[in-house]
Amino acid sequence: MASQKRECPKCRGGMDEGFMLDHTHGGYALPTFVLGPMRRAWWGVKLKGQAKFNVITYRCSRCGFLESYALEQQR
């Protein structure tokens, strides 16, 4: 998906590939899409057994619209 030219669905401007960065306690992390409902735990969120996907985001250079995709499953 990274090699194809994308067009903004809002204004037809060009879309640039990038990523969104989450600031965490003591560092940074890339956002992840987790398949299925959120399961709460006393320490946060339970993730065991749920599929996780890397998120790719595109930004329109004209209007700033962001469009995200979760295509590649994490191993």
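A residue is called exposed when its relative accessible area is over 50% and buried when that area is under 20%, with partly exposed lying in between. Tryptophan 42, whose relative accessible area is 79%, is therefore exposed. The structure described here is a predicted model.

**Aromatic pairs**

Tryptophan 42 has a ring partner in tryptophan 43, and the two form an edge-to-face pair. Their centres are 5.6 Å apart, with 85° between the planes. Tryptophan 43 also counts as exposed, because its relative accessibility is 55%.

The structure holds three aromatic pairs. One of them joins phenylalanine 33 and phenylalanine 53 in a tilted arrangement, at 6.2 Å centre to centre and 55° between the planes. This pair links distant parts of the chain, since phenylalanine 33 belongs to strand 5 (residues 32-34) and phenylalanine 53 to strand 8 (residues 52-60), 20 residues apart. The two partners can also be described by their accessibility. Phenylalanine 33 has a relative accessibility of 40% and so counts as partly exposed, whereas phenylalanine 53, at 15%, is buried.

**Salt bridges**

Two salt bridges are found in a search of the whole structure. They are set out below.

| Acidic residue | Basic residue | N to O distance |
|---|---|---|
| Glutamate 67 | Arginine 6 | 3.7 Å |
| Glutamate 7 | Arginine 12 | 3.6 Å |

The side chains of arginine 6 and glutamate 67 meet in a salt bridge that links distant parts of the chain. Arginine 6 is in strand 1 (residues 6-7) and glutamate 67 is in strand 9 (residues 66-73), with their positions 61 residues apart in the numbering. Both arginine 6 and glutamate 67 are buried. Arginine 6 has a further contact, lying over the face of tyrosine 58 at 5.0 Å from the ring centre.

In the other salt bridge, glutamate 7 is paired with arginine 12. Arginine 12 has a relative accessibility of 54% and therefore counts as exposed.

**A nonpolar surface patch**

Phe19, Leu21, Tyr28 and Leu30 make a nonpolar patch on the surface, with an area of about 480 Å². Within this group, leucine 21 is located in the loop between strand 2 (14-18) and strand 3 (22-24). Its relative accessibility of 48% is the reason why leucine 21 counts as partly exposed, given that exposed requires over 50%.

Note on methods: Residues numbered from 1 in each chain as written. Predicted model: local features only at pLDDT ≥ 70, side-chain atom pairs only at ≥ 80, totals over all residues. Heavy atoms only, no water. Salt bridge = Lys/Arg side-chain N within 4 Å of Asp/Glu carboxyl O. Helix = DSSP H or I, 4+ residues; strand = E, 2+ residues; numbered from the N terminus. Buried < 20%, exposed > 50% of the residue type's maximum accessible area, 1.4 Å probe, protein only. Patch = residues over 30% accessible without salt bridge, like charges linked within 9 Å, V, L, I, M, F, W, Y side chains within 5 Å. Areas by Shrake-Rupley, 256 points an atom, 1.4 Å probe, with all protein chains shown as cover. Phe/Tyr/Trp six-rings, centres within 6.5 Å; stacked < 30°, edge-to-face > 60°. Lys NZ or Arg CZ within 6 Å of the ring centre and 35° of its normal.
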